[in-house]
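Biologist: I am new to reading structures and would love a close look at one part of this one. Could you take me through the place where the two chains meet, and then show me a few spots inside one chain?

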Amino acid sequence: MGSMIGAAVVRKEDPALLTGRGTFVEDLRLPGTAYMAYVRSPVAHARITAIDTQEAAAAPGVLGVWTHADLPGLPPTRSVPGMERPCLADGAVRFVGEAVAVVVATDRYLAADAAELVEVDYDDLPVLASVAAATAADAAPILPGLESNVVLEQVLSATDAEAELAAAPHRMAIRLRNQRCAAVPMEPTVCLADWQHSGLTVYLTTQTPHHMRNEFAQWFGLAQEQVRVIAPDVGGGFGAKASCYPEFLLAAELSRRVQRPVRYVETRSENMTSMVHGRAQEHDVEVGFDDDGRLLALRVRITQDCGAWPDTTGVGLPTLTSFMSGGCYRIPVIAASFRSVVTNTTPVGSYRGAGRPEASYMIERVVDHVAAELGRDPVEVRRVNLIRPDEMPYATQFEGIVYDEANYPGCLDLLLTHVDYDDLRRRRDAQRDDPTAPLLGIGFSTFVEMGGFGPTPLFEQFGYVGGWESANVRLTTDGSAVIKVGTSPHGQGHKTTFAQIVADQLGIDIDRISLLHGDTATVQEGIGTMGSRGAPVGGSAVFKAADKVRAKALRIAAHMLEADESDVELTDGTFRVAGTTGPTVTLAEVALRSLKPHLLPEGVDPGLEETAHHEPSNLSYPSGAHCCVVEIDRETGRVDVVRYVAVDDCGTVINPLLATGQIHGGLAQGIAQALYEEVSYDEDGQPRTGNLVTYTVPAAEDLPPYETHHLVTPTSFNPLGAKGLGESGATAAPQAVVNAVVDALSHLGVRDVEMPCTPAKVWGLLNTANGS
Amino acid sequence: MSHHKVRISVNGVPGEDEVESRRLLVHYLRETRGLTGTHVGCDTSNCGACTVLLDGMTVKSCTVLAVAADGSEVLTVEGLADDEAMSPVQEGFRACHGLQCGYCTPGMVMAATGLLLENPAPDEAEIRAGIEGNLCRCTGYQMIVDSVRWAAENGGAGTAATTHAERASS
């Protein structure tokens, strides 16, 4: 058997999912299950003056109707201290979609019928649906007990960089917007709670089962061992399923009250206002630079719209944006600060990239602005600023943020071997002069982001127990293996990639390795899947556990071969004395022997089962260089991505097939942010994008084919050398696309186009910029 | 709410059930027939996770009432595999990594199967147009396009779907 690391193995997950035999939460059946349906606020900000649940309570099949007043003593969900969100609106509603009352009935149709019968009277309050409105001089605080809607404010650098900005030969102020997006996992939020005397079991659409177990236990005052959280097949998450939702806690509480399992299945329309949104940042940037485009100083003031209730993870994201604001460039002075503002909108949390795409978009747009200002080529301006490989590891000015081994200029060089830049520029100029041809634009993005989330001190700030991950590898007596891992994949394919790691270490056929995850009762302590930590942190834990099994198996094998341990080698699942053709023992024989205590060497405990934790020494920093080519229809303003070329350095690639899938998916979401997607509200706080008719999730015809390439610079921060790559595409793509759109329009004097670059917006620029 | 008796054959298995007039076909399949492979991903018939074949045509089963399917034959993702072997479309999705989380997959596989029944040799543009009613949030679509092309070159829609379509047209 050759090395399994780097092999394009098809997935072990697929047959069940392809034949309709997957197990998503809504597919599970427990006898006697009742259904929840919510009454949600149709207004963005109001006092609740009356709720009449009588008619609903008397409706067919209804087991109960509850409002906040009916659940005395019910604790709020965890958040920033002093800003905890009640599970049901406590006298006032603060965004459209906030839950006001909940019905439990024997059937989902009857539950929905009864929810319609609940009468709620609202007394309107002033709606502050934007940062501008919420920070106006006369804006009243939205959250109780606070003096302002600015709920967090932090300066993350010792200097405001004013001296350096003033001293720079050129200085420019730029305002950039990273619009609010929705994660839209194809499976909305679903939970099934079963409270019994023996404890609470909850089946949950989550990325973090152990973390959710801790939340349930704390909320209900249960011992953690009494709470079992199971995340079976989960239909996408993209960060938004890492949050703890009031719906989860209420399902458990109502199961306790009605003494039967209770199921909640969110509709997509509910999902669009209930599930956390992402991004929602504005950046006020000042940059100082010299005649060559060398960046000398950067000041970034970030404003995050954190929605009506600060999400624990959500309000931490501007910190990550600040840390990454310098991108992959050597900038002597960076002054970063942020504030989070409460508005009458859906709370903001993680969405693929979570804080880093915002930074990458900002600095990559800044570089293009600098190039435009100087009349220089954007690639050349990048070159003079990129951190060189010999400067790695590179300590940024932010404490603990140290970029690992990488080759940023190498990625750009490799990209340019796949892109004939000169020819593209000629075509751009020729098409510009030909009114019958679409406008062509070329955009670049050289990026670095954070992967491999941990270590523990950082992850504690987001409310997690730690930033490590755990794995247990156990050999059965026939030499097959079972892995248990604390990550909780929802599309990433850990059953395949982690089996590859064990296959590689122990020489077991990958078809004889299975993986259990997403169940707090069967898996040892774990953290979860988010922040591109699957391979670098979870995979490293698997690697370490398998390594421990291998070491112990070698010891037993040496005893069986009557050889010295240091002379024995394991090849393709067989142990022999190195360099001999003498006797051999198979891994299966060793596994069986491991459970015969009387035949083991002295001091060796029975069994071949080892648990390992991997605490990353630091974050890892996936990087790369992307190029996007767009064409713009002059009549309609429609932007088409005609070519997208990506070079990624995610370190060691465990499975190139799955790695490509991760990059593609990220690119799709990044391109979608650039061209199609935006969650928006009107002045009254009414969502304009409350379902999939109005929120543009792109279909196959809206997205291009992608060309992907790797430059492999393994990181020394973990034993696999893997940096993570789930978020790279979403981090790199938005600015590659927007830089291309701006390039296509640059001859008209256009310097910026706000995302999303919709046909209406681009058409408007085409028709104002050229004076017609 | 009135109830009606419906006769619906699903994956070749006849069924006779009493359903509420407002019951959606997707809920009939999932709850009455216990076939949970067909998923619900939206409430506006945009996402296509619930796509099935109804008398040879792809439909979004969240937008069809169970009573409207009375007397019909339905083919769901559970009915595609033949004698333990997956259909060419299913095999193509596995070979080309056309799925990640798997939630849109049953609908996507049924849409692709319906496309190949109509057009056994679609080009890239025709594949992209053929699955435009199905949303995937994980793959970015390219590997789905590859999967459908793989299926077209390796047996097409498959035996179960072809038989289903032939019965519908006869």
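Modeller: Let me begin with a definition that will help later: a charge sits over a ring if NZ of Lys or CZ of Arg is within 6 Å of the ring centre and within 35 degrees of the ring normal. Please keep in mind that this is a predicted model.

With that rule in hand, look at Trp195(A): the charged end of Arg256(A) sits over its ring, 5.8 Å from the centre. Chain A has another such pair in Arg40(A), which lies over the face of Tyr38(A) at 4.6 Å from the ring centre.

Now to the place where the chains meet. The size of an interface is often given as the accessible area lost when the parts come together. Here chain A and chain B bury about 4,500 Å² between them, and 56% of that is on carbon and sulfur atoms. Leu18(A), Tyr109(A) and Met186(A) supply 19% of the area that chain A buries against chain B, more than any other three residues. Counted by residues, 57 from chain A and 48 from chain B take part in the contact.

Polar and charged groups join in too. Between chain A and chain B there are 24 residue pairs in polar contact, counting pairs with both residues at pLDDT 80 or more. The interface also holds five salt bridges. For one that you can find by eye, go to Arg30(B) and Asp27(A), which form a salt bridge with their closest N and O atoms 2.8 Å apart. As for helices, H1, H3 (108–116), H8 (268–274) and H18 (656–675) of chain A each supply at least two residues of the side that touches chain B. H18(A) gives the most to that side, with nine residues.

Next, a spot within chain A. Thr33(A) lies in the loop between helix H1 (14–18) and strand S1 (34–40). Is Thr33(A) buried or exposed? Thr33(A) counts as buried because its relative accessibility is 11%, and the cut-off for buried is under 20%. The side chain of Thr33(A) reaches the backbone oxygen of Leu30(A) at 2.6 Å. Leaving aside neighbours within four places in sequence, Thr33(A) is in contact with several residues, among them Thr106(A), Leu192(A) and Arg260(A).

Finally, some rings to look for. Over all chains, a search of the whole structure finds 13 aromatic pairs. One aromatic cluster is formed by Tyr394(A), Tyr403(A), Tyr408(A) and Tyr621(A).

Terms used: Residues numbered from 1 in each chain as written. Chains lettered and ligands numbered in written order. Predicted model: local features only at pLDDT ≥ 70, side-chain atom pairs only at ≥ 80, totals over all residues. Heavy atoms only, no water. Helix = DSSP H or I, 4+ residues; strand = E, 2+ residues; numbered from the N terminus. Buried < 20%, exposed > 50% of the residue type's maximum accessible area, 1.4 Å probe, protein only. Polar contact = N/O pair within 3.5 Å; in protein donor to acceptor, adjacent residues only side chain to side chain. Contact = heavy atoms within 4.5 Å. Phe/Tyr/Trp six-rings, centres within 6.5 Å; stacked < 30°, edge-to-face > 60°. Buried area = accessible area lost by both parts, 1.4 Å probe. Salt bridge = Lys/Arg side-chain N within 4 Å of Asp/Glu carboxyl O.
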